[in-house]
Amino acid sequence: MDEAVALWSYLARDPLLWLTVTLLAYIAAERLSEMAGRHPLANPVLLAVILLSAVLTVTSTPYGTYFEGAQFVHFMLGPATVALALPLHDNFGRVRRTLLPMAGALLAGSLTAILSALGIAWALGVRGDTLLSLAPKSATAPVALGVSEAIGGVPSLTAVLVILTGITGAVVATPMLNALGIRDWRARGFAVGLAAHGIGTAHAFRVNSTAGAFSGIGMGLNAVLTAILAPLVVALI
Amino acid sequence: MIRTLAVLLVFQLAGETVARAAALSIPGPVLGLAGLFVLFMIRPDIADRMRETCSGLLAHLSLLFVPAGVGVTAHLSTFGADGPALAAALIGSTVLAILAGVGAFLALARLTGAAEEPDDG
């Protein structure tokens, strides 16, 4: 028994364990998602996060220890973002034909994301720096954190809100847009990317490659526009 | 695969460098994306050679968000009494932003004649 404890305390501190567990949890989440017939609520990010959080709680592992191993996965977000140049290139003809629709959708979606988040939270009694932390929540994490800090929000709270926004977008987009009978993958992808950044884009790629390409563009453009609009909106209210 | 990864990292590094040096609010990887896109326009053959690895990486984009997602559950308590209000704001605002984006896109696509693209779903 003591040996098992000693082995566990050695492994638990080693990055290998948590990197492996992260990959296994993701594979299990993919499986569950397939078994659920790709039901939107069975989103693989959401399922993997729930599984891993349960494991961390049961083993009373602090997040910092977990991240020692998981950081290798986290790191790949940067190169993967750069890799979005490929679907953008592949879809360039379609992109060029829809510059005006994209510009309009970007402006409408970005303003709606900021104003409605602030409006709903304010109406429900949220005030102060917690309220301001909400403003950039549809932008991709690095931009949102910078904006949050600049406008007087709490960056660590914004980080949580950004991730939850992404998961929300990935879960609601498909059933909602199917129910509305919207079949234009360009419009669907673009809107999901601008509203739910990378997690929305990851979902879009799973549904349709054109949607994924347009989602990547929506994410990139809204990162830029949120950095401009959020400080303006906050200055005006 | 290694070459493709090296190219991706070079563009990310270049993007980070430009973003820092010019104090831009755009993240380095997004600038790297733009740079690589320009390269693909000039040399489409490079895009073809990078296709397999890039597609593989993007097919598992979901996995890459898992570590950050686990961080969220560690911080949920920071919401405190504002939890339900913030949840309502997140869900409501995400739904409204998607609807506004889709609506504006479709309306302008119809106006500019870019609508009715064949569905290759």
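User: In chain A of this predicted model, how far apart are the end C-alpha atoms of residues 69-88?
Analyst: UniProt, in an unreviewed entry, lists residues 69-88 of chain A among the spans it calls "transmembrane region". In the model, this span is 90% helix and 0% strand. Its end C-alpha atoms are apart by 32 Å.

User: What is the distance between the end C-alpha atoms of residues 100-124 of chain A?
Analyst: Residues 100-124 of chain A also carry the UniProt feature "transmembrane region". Helix makes up 96% of the span and strand 0%. The distance between the end C-alpha atoms is 36 Å.

User: How many helices does chain A have?
Analyst: Read from the N terminus, the elements of chain A are α throughout. The count of strands is zero. The number of helices is 13.

User: Why is chain A said to be as compact as a globular protein of its length?
Analyst: For 237 residues the globule rule gives 18 Å. Chain A is close to that value, so it counts as compact as a globular protein of that length. Its radius of gyration is 19 Å.

User: Which element of chain B gives the largest share of the side that touches chain A?
Analyst: The contact takes 66 residues from chain B and 92 residues from chain A. Elements giving two or more residues to the chain B side include α1 (2-21), α2 (28-42) and α6 (83-111). The largest share is 21 residues, and it comes from α6(B).

User: How many residues on the side of chain B that touches chain A are nonpolar?
Analyst: The residues on this side divide into three classes. Four are charged and 15 are polar. The nonpolar residues number 47.

Notes. Residues numbered from 1 in each chain as written. Chains lettered and ligands numbered in written order. Predicted model: local features only at pLDDT ≥ 70, side-chain atom pairs only at ≥ 80, totals over all residues. UniProt positions renumbered as here; feature names shortened; annotations may be inferred. Helix = DSSP H or I, 4+ residues; strand = E, 2+ residues; numbered from the N terminus. Contact = placed C-beta atoms within 7 Å. Nonpolar A, V, L, I, M, F, W, Y, C, P; charged D, E, K, R; others polar. Rg over C-alpha atoms; globule rule 2.2 N^0.38 Å.
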